[in-house]
Amino acid sequence: QLQLVESGGDLVQPGGSLRLSCASSGFTLDYYAIGWFRQAPGKEREGVSCIGGIGTSGGSTDYADSVKGRFTISRGNAKNTVYLQMSSLKPEDTAVYYCAAGRSCSTSSDNYYRWSWGQGTQVTVSS
């Protein structure tokens with residue numbers, strides 16, 4: 001079944017760091033744009049970061065203003081993983097984080113392939 005799987009979420013103190021992983025089951029992610037989204041309780045899903053496909057955009061990256069300078073998105077050497085390195089975490093970063101594949105980066109979750117959405121991974125930032 002084609003789907004992405006998120007992992008790496010945890011409970012972390014403010015100011016801490018986490019690395020989230022987004023992995024595919026047996027197919028390369030290089031030619032897809034991969035977006036990270038998050039959804040906090042009672043809030044709408046929001047785009048966090050995106051990395052473009054290697055073929056179409058040269059792997060360009062984009063970040064929401066709220067995470068610029070703190071989060072870094074990158075592709076793994078194994079070609080089936082995309083990472084989201086999160087540093088200087090704040091309580092407002094608490095959410096379920098999802099990744100999804102699309103043709104190009106977009107802040108709208110509707111522009112990502114429905115089949116690619118995983119179950120998400122919980123990130124809780126609290127002292």
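Serine 88 sits in the loop between β8 and β9, and its backbone makes a handy way into this predicted model. Although serine 88 is not a glycine, its phi is positive, at about 50 degrees. Most residues other than glycine have a negative phi. As for its surroundings, serine 88 has a relative accessibility of 41% and so counts as partly exposed. Lysine 79 tells a similar story: it is not a glycine either, and its phi is positive at about 70 degrees. Lysine 79 belongs to the loop between β7 (71-75) and β8 (81-86), and with 44% relative accessibility it too counts as partly exposed.

Stepping back to the fold, the protein has 1 helix and 10 strands. Read from the N terminus, the order of elements is β-β-β-β-β-α-β-β-β-β-β. The radius of gyration is 13 Å, close to the 14 Å that the globule rule gives for 127 residues, so the protein is as compact as a globular protein of that length. The C-alpha trace spans about 40 × 25 × 25 Å along its principal axes. Of the 127 residues, 43% are buried. Among contacts with a separation of 6 or more, 58% come from residues 24 or more positions apart.

On the outside, the protein exposes about 6700 Å², with carbon and sulfur atoms supplying 45% of that area. The charges come to 11 positive and 10 negative, and the mean positions of the two sets are 4 Å apart.

Then there are the disulfides, of which the count is 2. One of them joins cysteine 22 and cysteine 99, with the sulfur atoms 2.1 Å apart. The link of cysteine 22 and cysteine 99 is right-handed, with 85 degrees about the S-S bond. This pair ties together distant parts of the chain: cysteine 22 is in strand β3 (residues 18-24) and cysteine 99 in strand β9 (residues 95-102), 77 residues apart. Cysteine 22 has a relative accessibility of 0%, so it counts as buried. Cysteine 99 is buried as well, again with a relative accessible area of 0%.

The other bond is formed by cysteine 50 and cysteine 105, whose sulfur atoms are 1.9 Å apart. Here the torsion about the S-S bond is about -90 degrees, so this disulfide is left-handed. Distant parts of the chain are linked once more, with cysteine 50 in strand β5 (residues 46-51) and cysteine 105 in the loop between β9 and β10 (121-125), 55 residues apart. The two ends of this bond sit in unlike settings: cysteine 50 has a relative accessible area of 4% and is buried, whereas cysteine 105, at 33% relative accessibility, counts as partly exposed. With the bonded cysteines numbered in sequence order, the pairing reads 1-3, 2-4.

The loop between β9 and β10 also holds serine 116. Serine 116 is buried, its relative accessible area being 0%. Its C-alpha lies 4.5 Å from that of glutamine 3, although 113 residues separate serine 116 and glutamine 3 in sequence. Neighbours within four places in sequence aside, serine 116 is in contact with Gln3, Leu4, Cys99, Ala100 and Ala101. One of these partners, Cys99, is the residue bonded to cysteine 22, and it is in strand β9.

Tyrosine 63 offers another look at the packing. Tyrosine 63 is in strand β6 (residues 61-63). Its relative accessible area is 19%, and because buried means under 20%, tyrosine 63 counts as buried. Valine 48 is 15 residues away along the chain, and the C-alpha atoms of tyrosine 63 and valine 48 are separated by 5.9 Å. Leaving out residues up to four places away in sequence, tyrosine 63 touches Val48, Ser49, Lys68, Phe71, Thr72 and Ile73.

Technical notes
Residues are numbered from 1 along each chain as its sequence is written. This is a predicted model: local features need pLDDT of at least 70, side-chain atom pairs count only at pLDDT 80 or more; totals for chains, interfaces and linings use all residues. Side-chain values use heavy atoms; hydrogens and water are left out. Helices (H or I, at least four residues) and strands (E, at least two) are DSSP runs, numbered from the N terminus. The radius of gyration is taken over C-alpha atoms; the globule rule is 2.2 Å times the number of residues to the power 0.38. Buried means under 20% relative accessible area, exposed over 50%, partly exposed in between (1.4 Å probe, protein chains only). Contact means heavy atoms within 4.5 Å. Accessible areas come from the Shrake-Rupley method with a 1.4 Å probe; for residues, only the protein chains shown count as cover. Lys and Arg count as positive and Asp and Glu as negative; His and the chain ends are not counted. The place of a charge is taken as NZ of Lys, CZ of Arg, CG of Asp or CD of Glu. A disulfide is a pair of cysteine sulfur atoms within 2.5 Å.
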